[in-house]
Protein chains: 2
Amino acid sequence: MGRWEPGASSRLREAALALYLERGFEQTMVADIAERAGVTARTFFRHFADKREVFFDASAEVEEKSLAALEAAPATAPPLDAVAAALCAAAEVIGDNRDLARMRQTVIMANASLRERELIKLTSMSVAVADGLRRRGVDEAEAGLAAETGVAVFRVAFERWVNAAEDRALGDVIHETLAQLRTLTAAT
Amino acid sequence: MGRWEPGASSRLREAALALYLERGFEQTMVADIAERAGVTARTFFRHFADKREVFFDASAEVEEKSLAALEAAPATAPPLDAVAAALCAAAEVIGDNRDLARMRQTVIMANASLRERELIKLTSMSVAVADGLRRRGVDEAEAGLAAETGVAVFRVAFERWVNAAEDRALGDVIHETLAQLRTLTAAT
DNA sequence: AGAGTGATGTCATCAAGTGACATCACCGTA
DNA sequence: TACGGTGATGTCACTTGATGACATCACTCT
């Protein structure tokens, strides 16, 4: 199966992260990443759809685990609780190495097009979660709203967790943020 | 002030919308848009930062009106109600010609990079609203959550409004969606 | 009339991304 | 062992988005 040196896509991922950290996303050319990984620019585009995607292909795995957790949630759980379970599953994948997450976040926040790509990944997650909710029998209209709200909570929680002074579990921050949302919406 | 034919950016906007509708975003080249507008491709990039931005420069105005409404909301209003006021102000700008909104949405949904751009505009709105809330004295942590939640509500409401069979006011749909969110979060 | 100004055109160039085709290492099989 | 198939890679050519540098034109103000 492997020809040349195996593991080209891993090397490309590592090279990209290193170079994006060193000189920034825009200052890094695909040819540079490829060269550091020992391949050609053409090969880069065979592994990743574009220059941004090399940063985001873990998101598929995150989405899968979230959906699995959503399926696993008790059928009696209210929609937002099921969504919370899905988000916490995502948190387990992301949340164990905060330093890596912070490096990634630094690079992403420094560049608009990387932010755009991250947003569309979150939206993709939202769509998937909404579908999962509908499969659980949640009302069509409610599903979309619950999913979007959940992803909003996730986004806020992730930001708090990444920038926090203390070292907390991402799942805890998610639950705390959701509780705060419940307080917010209760206020009239 | 005007040389040649005045109103180049308006012509470019119209040309872009027409061509994106005709053949799609990717099949339309900047040179085509510029030609139809009677200018050069180089001039296109003097009016718009990139090929997508020609579709989104109304968003600055929407953001301004939203912020104004946020400032105008009674100081005693709870955060989410103030955000709702801001969203309804945005709705007034967008919500009066649903046909145009639907055409725009058709084009945007057909192309991933346009979706990305729309998402970052909504995020920009969220950040602005969060800042506005903080200026009103809302707690630092609450502000971000309320803004993100509000934008989530807006997104869901907009989608419902655009795809609805009947012709309803976007502001009404927003309030209805927010009420539904209150029900969702109340469930345990 | 002439200087100044701002929007535009022209030209050159870079970098992202893609299609077509050749090539090389490995694998199974006759 | 020799041979053909297969999949990942390299090479080359090309299109398109985007930008910098400089010239140009029309209009304004003095």
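# Salt bridges and DNA contacts in a predicted model

Q: Where do the side chains of Asp50(A) and Arg117(A) meet, and at what N to O distance?
A: The two side chains meet in a salt bridge, at 3.1 Å from N to O. Keep in mind that this is a predicted model.

Q: Which parts of chain A does that pair tie together?
A: Asp50(A) is in the loop between H3 and H4, and Arg117(A) is in helix H7 (residues 112-135), so the salt bridge ties together parts that are 67 residues apart in sequence.

Q: Is Asp50(A) buried or exposed?
A: Asp50(A) is buried, because its relative accessible area is 19% and the cut-off for buried is under 20%.

Q: And Arg117(A), buried or exposed?
A: Arg117(A) is buried as well, with a relative accessible area of 8%.

Q: What does Glu116(B) do with Arg117(A)?
A: Glu116(B) forms a salt bridge with Arg117(A), and the closest N and O atoms are 2.6 Å apart. Glu116(B) lies in helix H7 (residues 112-135) of chain B, while Arg117(A) lies in helix H7 of chain A, so this pair joins two chains. Both Glu116(B) and Arg117(A) are buried.

Q: Which residues are linked in the network of salt bridges?
A: The network links Asp50(A), Arg52(A), Glu53(A), Arg117(A), Lys121(A) and Glu116(B).

Q: How many salt bridges are there over all chains?
A: A search of the whole structure finds 32.

Q: OK, another one. What is the N to O distance between Asp57(A) and Arg13(A)?
A: In that salt bridge the closest N and O atoms are 2.3 Å apart. Asp57(A) sits in the loop between H3 and helix H4 (59-72) of chain A, and Arg13(A) sits in helix H1 (residues 8-23) of chain A, so the bridge ties together parts 44 residues apart in sequence.

Q: What are the relative accessible areas there?
A: Asp57(A) has 32% and is partly exposed. Arg13(A) has 29% and also counts as partly exposed.

Q: Switching to the DNA. Which residues come nearest to strand C?
A: There are 21 residues around DNA strand C, and those that come nearest are Arg42(A), Lys51(A), Thr43(B), Arg46(B) and His47(B). Of the strand C atoms that come within 4 Å of the protein, 57% belong to sugar and phosphate.

Q: What does Arg46(B) lie 2.6 Å from?
A: A polar side-chain atom of Arg46(B) lies 2.6 Å from a base oxygen of DNA strand C.

Q: Which side chains have an N or O atom placed by a phosphate oxygen of strand C?
A: Thr40(B) is one of them, with a side-chain N or O atom 3.0 Å from a phosphate oxygen of DNA strand C. His47(B) is another, at 2.8 Å. As for elements, helix H3 (41-47) of chain A and helix H3 (41-47) of chain B are those that give two or more residues to the surface near DNA strand C.

Q: What gives the largest share of that surface?
A: H3(B) does, with four residues. By class, the surface near DNA strand C has seven nonpolar, six polar and eight charged residues.

Q: Now strand D. Which residues come nearest?
A: Thr43(A), Arg46(A), His47(A), Met29(B) and Arg42(B) come nearest, out of 21 residues around DNA strand D. Sugar and phosphate make up 57% of the strand D atoms within 4 Å of the protein.

Q: And what gives the largest share of the surface near strand D?
A: That is H3(A), with four residues.

Q: Which part of strand D does Arg46(A) have a polar side-chain atom by?
A: The atom lies 2.6 Å from a base oxygen of DNA strand D.

Q: Where do backbone atoms come in?
A: A backbone N or O atom of Val30(B) lies 3.4 Å from a phosphate oxygen of DNA strand D. For Lys51(B), a polar backbone atom is 2.9 Å from a phosphate oxygen of that strand.

Q: Last topic, the nonpolar surface patch. What makes it?
A: Leu21(A), Leu100(A) and Met103(A) make a nonpolar surface patch of about 220 Å². Met103(A) is in helix H6 (residues 98-109) of chain A, and this residue is partly exposed, with a relative accessible area of 35%.

Notes
Residues are numbered from 1 along each chain as its sequence is written. Chains are lettered from A and ligands numbered from 1 in the order in which they are written. This is a predicted model: local features need pLDDT of at least 70, side-chain atom pairs count only at pLDDT 80 or more; totals for chains, interfaces and linings use all residues. Side-chain values use heavy atoms; hydrogens and water are left out. Patches are made of residues with over 30% relative accessible area and no salt bridge: like charges are joined within 9 Å, nonpolar side chains (Val, Leu, Ile, Met, Phe, Trp, Tyr) within 5 Å. Accessible areas come from the Shrake-Rupley method with a 1.4 Å probe; for residues, only the protein chains shown count as cover. A salt bridge is a side-chain nitrogen of Lys or Arg within 4 Å of a carboxyl oxygen of Asp or Glu. Buried means under 20% relative accessible area, exposed over 50%, partly exposed in between (1.4 Å probe, protein chains only). A residue is near a molecule or strand if one of its heavy atoms lies within 4 Å of it. A polar contact is a pair of N or O atoms within 3.5 Å; within protein, one must be able to donate a hydrogen and the other to accept it, and residues adjacent in sequence count only if both atoms are side-chain atoms. Ala, Val, Leu, Ile, Met, Phe, Trp, Tyr, Cys and Pro count as nonpolar, Asp, Glu, Lys and Arg as charged, and the others, Gly among them, as polar.
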